[in-house]
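User: I have a predicted model of a protein open on my screen and would like a close look at one part of it. Could you walk me through how two of its helices pack, and then show me the pockets around them?

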Amino acid sequence: MSLQTQVMTALKEAMKAKDAMALESLRAVKSAILLAQTETGSKEELTEEQELKLLQKLVKQRKDSAAIFTEQGRADLAEPEIAQAAVIEQFLPEQMSEEEVAKIIEDLIAKTGASGMKDMGKVMGMASGQLAGKADGKTISTIVKEKLS
């Protein structure tokens, strides 16, 4: 089942349940999908990889906003952002733990023979491709820096 179909089903359920927070989040996802489809100029379905990137972007935006609001002492604005991120995350595959990510990155470093920060780009490229949708890019970057320094 495509992401768009899953979102539409969840949207209908949220409407029936009168869940305003879920509705707002799901409408944002639906809107982003439609924008991504029309961006290419055709009504083609998005690939699974494009859908994952789209969802990760939406979650990241909400988490960043929540962090800014919390930093400014505006918990009243941060809470809805965190709640929306949680609703959107249910469509993402289960995220890997930092230990699991670190183990994969160690294997990649051993496989590529990376020895320092000069090889970070090579390791990041492989890690991002292998861990797409399973781990946050920021987490991957932090672990790669830690292992290469």
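Analyst: Happy to help! Two residues are said to be in contact here when they have heavy atoms within 4.5 Å. Please keep in mind that this is a predicted model.

Let's start with the setting. The protein chain has seven helices and zero strands, so from the N terminus on its elements simply read α-α-α-α-α-α-α. Its C-alpha trace spans about 55 × 45 × 25 Å along the principal axes.

Now for the helix pair. Helix α2 covers residues 20-39 and helix α4 covers residues 75-89; the two pack with their axes 9 Å apart, at an angle of about 60°. Angles of 65 to 115 degrees would count as roughly perpendicular and those under 35 degrees as roughly parallel, and α2 and α4 are therefore oblique to each other. The crossing of α2 past α4 is right-handed.

Which residues meet there? On the α2 side they are Met21, Ala22, Glu24, Ser25, Leu26 and Val29, and on the α4 side Pro80, Ala83, Gln84, Val87 and Ile88. By type, the residues of this contact comprise eight nonpolar, two polar and one charged.

Helix α2 also takes part in a pocket. The second largest pocket holds about 240 Å³ of space. Twelve residues line this pocket, and the closest to its centre are Ala32, Ala36, Glu39, Leu54 and Lys57. Both α2 and α3 supply at least two residues of that lining, with α3 giving the most, six residues. The lining of the second largest pocket divides into six nonpolar, three polar and three charged residues.

Helix α3 leads us on to the largest pocket, which has a volume of about 650 Å³. Of its 24 lining residues, Gln56, Ala135, Asp136, Gly137 and Lys138 are the closest to the centre. Three helices each supply at least two residues of this lining: α3 (48-71), α6 (120-130) and α7 (137-148). Here α3 again has the largest share, with nine residues. As for character, the lining of the largest pocket has eight nonpolar, seven polar and nine charged residues.

To trace this on your screen, begin at the oblique contact between α2 and α4, follow α2 to the second largest pocket, whose lining α2 and α3 both supply, and then take α3 on to the largest pocket, where α3 provides nine lining residues.

How values were computed: Residues are numbered from 1 along each chain as its sequence is written. This is a predicted model: local features need pLDDT of at least 70, side-chain atom pairs count only at pLDDT 80 or more; totals for chains, interfaces and linings use all residues. Side-chain values use heavy atoms; hydrogens and water are left out. Axes are lines fitted to C-alpha atoms, for helices over the stretch in contact, and angles run from 0 to 180 degrees between N-to-C directions. Helices (H or I, at least four residues) and strands (E, at least two) are DSSP runs, numbered from the N terminus. Angles under 35 degrees count as roughly parallel, over 145 as roughly antiparallel, 65 to 115 as roughly perpendicular and the rest as oblique. A crossing is left-handed if the near helix is turned anticlockwise from the far one by less than a right angle, and right-handed if clockwise. Ala, Val, Leu, Ile, Met, Phe, Trp, Tyr, Cys and Pro count as nonpolar, Asp, Glu, Lys and Arg as charged, and the others, Gly among them, as polar. On a 1 Å grid over the protein atoms alone, a cavity is a set of points where a 1.4 Å probe fits but cannot get out, and a pocket is an open set with protein on both sides within 12 Å along at least five of seven lines; lining residues have an atom within 4 Å of a point. Grid points are joined across faces, edges and corners, and a volume is the space filled by probe spheres set on the points.
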